[in-house]
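The following paragraphs lead through one molecular structure, from single residues to the elements around them. Please keep the sequence and the coordinates in view while reading.

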Amino acid sequence: MSPQDLLPAATAMGPLTLKVGDLASMSGYYATALGLEVLVDGSDAVVLGRRGSAVLRLEEARHLRLPGRGEAGLFHTALLFADRADLAAAVASAARHPQSAYVGSADHLVSEAFYFSDPEGNGIELYVDRPRGTWGWTEDGRGNREVTMGSLPLPPREYISTHLTEAAASSPESGSATVGHVHLQVGDVDTARRFYVDVLGFERTAGWHDQALFVSAGGYHHHMAMNVWNSRDAGPRKDTLGLGEVLIRVPAADEVAALADRLASAGIGSHHTGAELRFEDPWRNRLRVEVADRA
């Protein structure tokens, strides 16, 4: 792939859209458990975020069923915090909430992460990045670089007691939070690579045999990931609760146009308005790419 076919280094993830069965309950959960502020409170959709910046959009869809464990869709939404104190406050708050399901934690070498499920089974990662200068990279001799990630123990009680400050604990909603990355369940990794790397223009940053793929723009450890741990051979999604839309933001309209051309060349249908582009991946996960200054 030529450099002009890559997503720009300033690419970032935007707010994730979830389709939920109980809008009031789910918006209450994210506000209380994760300290997100309600920014838009509509009758059929609620937008939540931190410091006026949106993180999640919840759309009510009572008529839809929950997805099965082995179906393609969302694995988790990863919320990135500015520092360890803000992360520790969010983890402590999520752990106290009676509707949170704690899944686990890990020191990934590039980041420190804690995992939960929300009341409707959507995966959540709460994490903070380690400084980029500490990330390790290897090269395969053909110019392909891979970031070194691990899964070392990260005891949550010890982490909270070490990093939680009085200021963060008393006002957890005051810290910033963004969608750092989105992790999907897909049917197979090769198809995911052809779509997300060869067509969309992300760069592969890591993989795990034929089970998982990590991709990014601008040398980040990953903006998106895809795995088959629960969903190998899954076909296209039906309309269910869970993932509604993945939003990717790029700096300028010409990058949106370039991606529209790549999709067309690959025979992938899309709707292009100039400032934004809507399309689906091979499993009918909905994606939207927009110019960042539209936020």
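**From single residues to the sheet**

Strand 3, which covers residues 37–41, contains Val40. The model under discussion is a predicted one. Val40 has a relative accessible area of 46% and is therefore partly exposed. Apart from residues within four places in sequence, the contacts of Val40 are Ala45, Val46 and Val47. Between the C-alpha atoms of Val40 and Tyr102 there are 28 Å, while 62 residues separate the two along the chain.

A second valine, Val20, belongs to strand 2, residues 16–20. Is Val20 buried or exposed? Its relative accessibility is 0%, so Val20 counts as buried. With residues up to four places away in sequence not counted, Val20 touches Met26, Leu58, Glu59, Glu60, Ala61, Arg62, Glu120 and Leu241. Val215 lies 195 residues from Val20 in sequence, and the C-alpha atoms of the two are 27 Å apart in space.

The next topic is the nonpolar interior. In soluble globular proteins, nonpolar side chains tend to be buried together. In this model the largest nonpolar core comprises 69 residues, and the most contacts inside it belong to Tyr30, Leu126, Tyr196, Leu200, Met224 and Val246. Tyr30 touches, among residues beyond four places in sequence, Leu18, Gly35, Leu36, Leu48, Leu56, Leu58, Asp118, Asn122 and Ile124. A second core, separate from the other, has 13 residues, including Val110, Tyr127, Phe214 and Tyr220.

The helices come next. Helix 1 spans residues 23–34 and helix 2 spans residues 84–96; their axes are 7 Å apart and form an angle of about 130 degrees. Helix 1 is therefore oblique to helix 2. On the side of helix 1, Thr32, Ala33 and Leu34 take part in the contact, meeting Ala90, Ser93 and Ala94 of helix 2. Sorted by class, this contact has 4 nonpolar and 2 polar residues, and no charged residues.

An open sheet of 8 strands follows the order 7-8-9-6-12-15-14-13, with mixed pairing. Which strands stand at the edges? They are strand 7 (101–107) and strand 13 (203–208); each has a single partner strand, so one side of each lacks a neighbour in the sheet. On average, and with direction ignored, neighbouring strands of this sheet are turned by 20 degrees against each other. Within the sheet, 8 bridges pair strand 6 (residues 73–81) with strand 12 (residues 177–185) in the antiparallel sense. Gly73 has Gln185 in strand 12 as its bridge partner. Helix 1 packs on this sheet, where it touches strand 6, strand 8 (111–117) and strand 9 (123–129), and the direction of helix 1 makes about 30 degrees with that of strand 9.

Further along the chain, two hairpins share strand 18. Strand 17 (residues 270–272) and strand 18 (residues 276–280) run antiparallel and are joined by 3 bridges. His272 has Leu277 in strand 18 as its bridge partner. This hairpin has 3 residues between its strands, and Gly274 takes a positive phi near 110 degrees. Strand 18 also pairs with strand 19 (residues 286–291), in the antiparallel sense and over 5 bridges. Here Phe279 has Leu287 in strand 19 as its bridge partner. Between strand 18 and strand 19 the hairpin has 5 residues, and Arg284 in the turn has a positive phi of about 65 degrees.

Definitions and conventions: Residues numbered from 1 in each chain as written. Predicted model: local features only at pLDDT ≥ 70, side-chain atom pairs only at ≥ 80, totals over all residues. Heavy atoms only, no water. Axes fitted to C-alpha atoms, helices over the stretch in contact; angles between N-to-C directions. Helix = DSSP H or I, 4+ residues; strand = E, 2+ residues; numbered from the N terminus. Parallel < 35°, antiparallel > 145°, perpendicular 65-115°, else oblique. Contact = heavy atoms within 4.5 Å. Nonpolar A, V, L, I, M, F, W, Y, C, P; charged D, E, K, R; others polar. Core = buried A, V, L, I, M, F, W, Y, C linked by side-chain atoms within 4.5 Å. Buried < 20%, exposed > 50% of the residue type's maximum accessible area, 1.4 Å probe, protein only. Pairing = 2+ DSSP bridges.
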